[in-house]
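Let's take a walk through this structure together. We'll pick out a few residues, then step back to look at the bigger picture.

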Amino acid sequence: MKVLVPVKRVVDYNVKVRVKSDQTGVDIANVKMSMNPFDEIAVEEATRLKEKGAVAEVVAVSCGVAQCQETLRTAMAIGADRGVLVQTDAELQPLAVAKLLKALVDKEQPQLVILGKQAIDDDANQTGQMLAALLDWPQATFASKVELADGKATVTREVDGGLETLTLKLPAIVTTDLRLNEPRYVTLPNIMKAKKKQLDTVTPEDLGVDPAPRLKTLKVSEPPARKAGIKVADVAALVDKLKNEAKVV
Amino acid sequence: MTTLVIAEHDNAQLKGATLNAVAAAAKIGGDVHVLVAGANARAVAEQAAAAAGVAKVLLADAPQLADGLAENVAAQVLAVASGYSHILFPATASGKNVAPRVAAKLDVAQISDIIGVESADTFQRPIYAGNAIATVQSADAVKVITVRTTGFDAVAAQGGSAAVEEVAAVADSGLSTFVGREVAKSDRPELAGARVVVSGGRGLGSAENFKILDPLADKLGAALGASRAAVDAGYAPNDWQVGQTGKIVAPQLYVAVGISGAIQHLAGMKDSKVIVAINKDPEAPIFGVADYGLVGDLFQVVPELTNAL
């Protein structure tokens, strides 16, 4: 069985982004970029399924600018067998990415697609669900456990108030939550090996998809700043402030 | 212009998040209808009909809608979707699960987690873990939206008198099956809707030590929360997690105990009205957002604070 794992190149999660002064977006020039953390978990899960013998091939996919190749090399260093880059300089929104991925799924015929539950830049949490809808496949989002057997995936999901378990008929879509696994560190020999793995490049035109954005961003602004707080000396002062100044207790 | 709000419920009780989504719908303008998709969920439909500002409630009642499977619920929404200009879901685990499926089927973009309505086609939403606010305009014929519940004050649960109309339920997709549910037991208020939240972080040191927060939470009538570090270390269950990847809360009072204040955590609580931080490290970033900070050993401060309240 083949697994497809979409990965996204995003601003590293440790970077505190700044809004540009002209409010056209956030400043990501010269900022460290990395693989979206939820996607690392997705690649790790696919690799573990392969190591268990449940999966034969893991294909990593990324959509975006040429530098996404680095993200794909990271995925291959974790354990993906090969990579596909859908290269475009255009702004890509989740619906467009879902359509690009659908075209690749039609071509590659995987039985399972594992995505991260959301990207930490646009915080959309949509692509996996949209891909499932376009393919008419079942979905299990926010997965914390995945098991494959007998043409079915049994997935435990993190929901408000606890956990729930579903079984999905394969082919299916799974999106990862944080507790699904802990991604391995990539080692230098694996980084070297990843450089030799196959990486194909296609364009949205090759796939017959129009990736034009549907949402127009009118402006990006700073969130309202909290006014500076104070440090209190002791518990008595804290209780006094809460009771008499903030009036919240 | 009519808006359809998809109700969040457990087949017995309408969840509060629905009332926040109705409030967002009211800001968009036009009539507000609510869809209740469930099994034996008439009581939920009646609660939705009583909510202020709701003009009509659609009830789809069938066993295959009992467990909120995305495939069936999305199909149900699509079955009634024609004629609506806006389709709103609360941005809860189930709303986030279903909404993009509906949007893709309608071939429209989905707008996630809105915190403000500027006009019928323009909305505000946080990006980059809440470090920036984007104002986005949709040119799509139908706007499919999830509503961040802490961005809108809930409408009154009483005072409305909408009619409940039964609609035909869609057939089971057969693609997925519900197996079971493990609900975390709690007598405390629900985290997302609590007036006061007391949260613990890695500074607590163990699951045993986490209990030090219980008396404080009891005294304040608070829900308990946790940072990701505390959840990953096994000190607290994962549905307590507050942050970009957990729950987004905006209580009147948020007490952060032994939490350093990583941006991922701040994304989940920095809209709280009053933030109190208790931490032994005076340099911890949490003090940058706290209204009242107390530098000290939480194992002394927390019991002292509990007694003083």
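Start at Gln137(B), whose side chain makes a polar contact with the side chain of Asp121(B) at 3.4 Å. Keep in mind as you look around that this is a predicted model. You'll find Gln137(B) in strand E8 of chain B, which covers residues 132–138. How much of Gln137(B) is left accessible? Its relative accessibility is 25%, and because buried would mean under 20% and exposed over 50%, Gln137(B) counts as partly exposed.

Now look at the company Gln137(B) keeps. Setting aside residues up to four places away in sequence, Gln137(B) touches Asp121(B) and Thr122(B), and also Arg214(A), Leu215(A), Lys216(A) and Leu218(A) from chain A. Ala66(B), on the other hand, is a good way off: 71 residues separate Ala66(B) from Gln137(B) along the chain, and their C-alpha atoms are 35 Å apart.

Ala66(B) turns up again at our next stop, Asn11(B). This residue lies in the loop of chain B between strand E1 (2–6) and helix H1 (16–28). With a relative accessibility of 18%, Asn11(B) counts as buried. What does the side chain of Asn11(B) reach at 3.0 Å? That would be the backbone nitrogen of Ala39(B). A polar atom of the Asn11(B) side chain also sits 2.9 Å from the backbone oxygen of Ala66(B). Leaving out neighbours within four places in sequence, the contacts of Asn11(B) include Gly38(B), Asn40(B), Ala41(B) and Val44(B). As for Gly68(B), it is 57 residues from Asn11(B) in sequence, yet the two C-alpha atoms are 9.8 Å apart in space.

Let's move to where the two chains meet. Here 82 residues of chain B are in contact with 74 residues of chain A. The size of an interface is often given as the accessible area lost when the parts come together. For chain B and chain A that comes to about 6,600 Å², with 54% of it on carbon and sulfur atoms. There are 47 residue pairs in polar contact across this interface, counting pairs with both residues at pLDDT 80 or more. Seven salt bridges are found across it too. Have a look at Asp136(A), which forms a salt bridge with Lys105(B), the closest N and O atoms being 2.7 Å apart.

Next, chain A itself. It has seven helices and 13 strands, and its C-alpha atoms fill a box of roughly 65 × 45 × 40 Å along the principal axes. Of its 249 residues, 55% count as buried. Lys2(A) is one to check: it belongs to strand E1 (residues 2–6) of chain A. Lys2(A) has a relative accessible area of 18%, so it falls under the 20% limit and is buried. Its side chain joins that of Glu108(A) in a polar contact of 2.7 Å. Beyond the neighbours within four places in sequence, Lys2(A) is in contact with residues including Glu57(A), Val59(A), Arg82(A) and Pro110(A).

To finish, turn to the surface of chain A, which exposes about 11,000 Å², 50% of it supplied by carbon and sulfur atoms. Which residues make a nonpolar surface patch of about 340 Å²? They are Val186(A), Leu188(A), Ile191(A) and Met192(A). Val186(A) is found in the loop between strand E10 (172–176) and helix H5 (188–196), and it is partly exposed, with a relative accessible area of 33%.

How values were computed: Residues numbered from 1 in each chain as written. Chains lettered and ligands numbered in written order. Predicted model: local features only at pLDDT ≥ 70, side-chain atom pairs only at ≥ 80, totals over all residues. Heavy atoms only, no water. Patch = residues over 30% accessible without salt bridge, like charges linked within 9 Å, V, L, I, M, F, W, Y side chains within 5 Å. Areas by Shrake-Rupley, 256 points an atom, 1.4 Å probe, with all protein chains shown as cover. Salt bridge = Lys/Arg side-chain N within 4 Å of Asp/Glu carboxyl O. Helix = DSSP H or I, 4+ residues; strand = E, 2+ residues; numbered from the N terminus. Buried < 20%, exposed > 50% of the residue type's maximum accessible area, 1.4 Å probe, protein only. Contact = heavy atoms within 4.5 Å. Buried area = accessible area lost by both parts, 1.4 Å probe. Polar contact = N/O pair within 3.5 Å; in protein donor to acceptor, adjacent residues only side chain to side chain.
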